[in-house]
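Subject: Structure handover

Hello,

Here is the structure we talked about passing on to you. Please open it beside this email and look up each residue as you read.

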Amino acid sequence: MDDHRLVYTLDEALTFMGFGKFQGLALAYSGLGWFSEAMEVMILSFVGPAVKSEWGLSSSEESLITTVVFAGMLVGAYSWGLISDIYGRRMSILGGALVTFVAGLLSAFSPNYISLLILRGLAGAGLGSGHVFFSWFMEFVPPSNRGKWMVVFSTFWTFGSVSEAALAWIVMPILTWRWLLALSAIPAFVLLIFIVFMPESPRYLCTKGRITDAHNILDKIAQFNQTSLPSGNLTSDGTNDLDEEFSTSEETPLLSSARKRTTVRKSGFSSFLMLFSPRFFKTTILLWVLYFGNSFVYYGIVLLASELSGSQSKCSSSILLSENVQDASVYINVFITSFAELPGLLTAALLVDRVGRKLSMTIMFIFVCIFLLPLVTLQSNILLTALLSGARMFSMGTFIIANIFAPEIYPTSMRSTGAGVAYAVGRIGGMVCPLVAVGLVTSCHQTAAIILLEALTVLSVVVILLIPFETKGKELVDTIDGVSNSKQVLVVA
């Protein structure tokens, strides 16, 4: 009787509604989260040298300020990803923004080096929720042009980097690094204010069997966009089994709270363990290596923009950068190289939905190699800035496409966990980078530092070619069973 009722999937609903005003607001909110993380990461280029000069720190102590932030992001990325898949995207976003704001603001009042390390580490833990913004926004975007809109989303990172460089340029010569830390925490506070207006991801709700709630959110989005939903009833991941909740939610027995908590804990850990199942093991390990190499190279280029000019002067018997931390050239170099990310994002937007995720990253990594190669020898400041700008342009492109690629590979039931753990492994690259690459530069071993970055770039290309998935134009899968049953293409590696 009811067997012939029309049904539609969430991707079909999003495609039917199209990209409208709601998605524009979701883009602005999630983009602000990315903007906030970029500011808090970029601040490391300015606070480290300033604190080193004021407190008389060694080079390793200066590098540790950056390392603890990435250590916090390592823990946070995994933790917020797990929370996101268990309790929802909104809960993870709220927790991350709260920790980032409180720890970021308090770090401005640090009385000593140890307290600064602890608070910046906590701020890093909050920043680890950055990938959840990616997943949350992605789950509202129609599949046909998802790559393009995710690249547009990524421009917020570049604007955050540029804004931080501009803010440092204004604040540091007049005030102190403490003011820079305090002002940089404002975007996280804005996120806390507007979280009340942001809905939960309907895709997440579908995986939890809350089809009615997911439908209600989609209906409100359709009204806000002045459009409508397809005819029929919402179903999850292309199945024709309507959730009982959809029609008889009042009669559905509820789990006891103790049983619910047990189920939640099991689902959280099982989603982590599924990363190592035969279905995902190879892809998971390859993604981890890709994220490690990508993060190491990207943050290496970011930090070298402020370190190389000073180290070249030092290594040619001139003055140390730390003795002149307010030299405008430092801010100019970082400002220019940050702006260089914009053409990189434009290139990524042009490539990602045309040639695919894997080929786009491969092309861009090759250009990173080309721009870094001349830096094995000392160069003039103008050429140095130009080469680092080119390398950063393409490195940002690979970084962003990887952030699009990873969540697309995993089903909704483990998307934030899978992407979060990969993101966390990338933070290890960020942790090691200041101690190794930047340490080599400050010790007058620039050639060794650049060769290391080149080697990791080549390794990343090899790893990309070995990943068996290409996700260009494919619908997001909701369940683990849906991965093998879906039409998501397996590319012969």
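Below are notes on the overall make-up, the salt bridges, the aromatic rings, the surface and a few single residues.

Overall make-up

Please keep in mind that this is a predicted model. The protein has 493 residues, and 58% of them are buried. Its secondary structure consists of 22 helices and 2 strands. Taking the contacts with a separation of 6 or more, 84% are between residues 24 or more positions apart. The accessible surface comes to about 19,200 Å², with 67% of it supplied by carbon and sulfur atoms.

Salt bridges

The count of salt bridges is 5. One of them joins R120 and E40, whose closest N and O atoms are 2.7 Å apart. R120 belongs to helix α6 (residues 113-127) and E40 to helix α2 (residues 21-42), so to find both you have to move 80 residues along the chain; the pair links distant parts of it. Are these two charged residues buried or exposed? R120 has 2% relative accessibility and therefore counts as buried. E40 is buried as well, because its relative accessible area is 0%; the cut-off for buried is under 20%.

Another salt bridge is formed by R210 and D213, with an N to O distance of 3.0 Å. R210 has 36% relative accessibility, so it counts as partly exposed. D213, at 28%, is also classed as partly exposed. Partly exposed covers the range between the cut-off for buried, under 20%, and the one for exposed, over 50%.

There is also a small network: D85, R89 and E139 are joined by salt bridges that share partners. Within this network, the closest N and O atoms of R89 and D85 are 2.8 Å apart. Both R89 and D85 are buried.

Aromatic rings

How many aromatic pairs does the structure hold? The number is 23. Two of the stacked pairs are described here.

F137 and F153 are stacked, with 5.8 Å from centre to centre and 15 degrees between the planes. F137 sits in helix α7 (residues 130-138) and F153 in helix α8 (residues 146-174), 16 residues apart, and the pair links distant parts of the chain. Both of these residues, F137 and F153, are buried.

Y298 and F399 are stacked too, at 5.0 Å centre to centre and with 25 degrees between the planes. Here Y298 comes from helix α15 (residues 281-315) and F399 from helix α19 (residues 381-409), and they are 101 residues apart. Y298 and F399 are both buried.

The residues of these two pairs belong to one aromatic cluster, made up of F19, W34, F70, F134, F137, W149, F153, W157, Y298, Y299 and F399.

A ring can also have a charged residue over its face. K21 lies over the face of F224, at 5.4 Å from the ring centre.

Surface patch

A nonpolar patch on the surface is formed by W169, I170, I174, L175, W179, I332 and I336, which together have about 690 Å² of accessible area. Helices α8 and α16 (328-339) each give two or more residues to the patch. The largest share, 3 residues, comes from α8.

I170, a member of the patch, lies in helix α8. I170 counts as exposed because its relative accessible area is 56%, and the cut-off for exposed is over 50%. The C-alpha atoms of I170 and L180 are 9.5 Å apart, with their positions 10 residues apart along the chain. I332, also in the patch, is part of helix α16. With a relative accessible area of 31%, I332 is partly exposed.

Two single residues

Q226 is located in the loop between α12 (211-224) and β2 (233-234). Its phi is near 60 degrees, a positive value in a residue other than glycine. Q226 has 68% relative accessibility, so it counts as exposed.

S460 is in helix α21 (residues 446-466). Its relative accessible area is 1%, which means that S460 is buried. Which residues does S460 contact, leaving aside its neighbours within four places in sequence? They are L290, G293, N294 and F365.

Regards

Notes
Residues numbered from 1 in each chain as written. Predicted model: local features only at pLDDT ≥ 70, side-chain atom pairs only at ≥ 80, totals over all residues. Heavy atoms only, no water. Phe/Tyr/Trp six-rings, centres within 6.5 Å; stacked < 30°, edge-to-face > 60°. Helix = DSSP H or I, 4+ residues; strand = E, 2+ residues; numbered from the N terminus. Buried < 20%, exposed > 50% of the residue type's maximum accessible area, 1.4 Å probe, protein only. Lys NZ or Arg CZ within 6 Å of the ring centre and 35° of its normal. Patch = residues over 30% accessible without salt bridge, like charges linked within 9 Å, V, L, I, M, F, W, Y side chains within 5 Å. Areas by Shrake-Rupley, 256 points an atom, 1.4 Å probe, with all protein chains shown as cover. Salt bridge = Lys/Arg side-chain N within 4 Å of Asp/Glu carboxyl O. Contact = heavy atoms within 4.5 Å.
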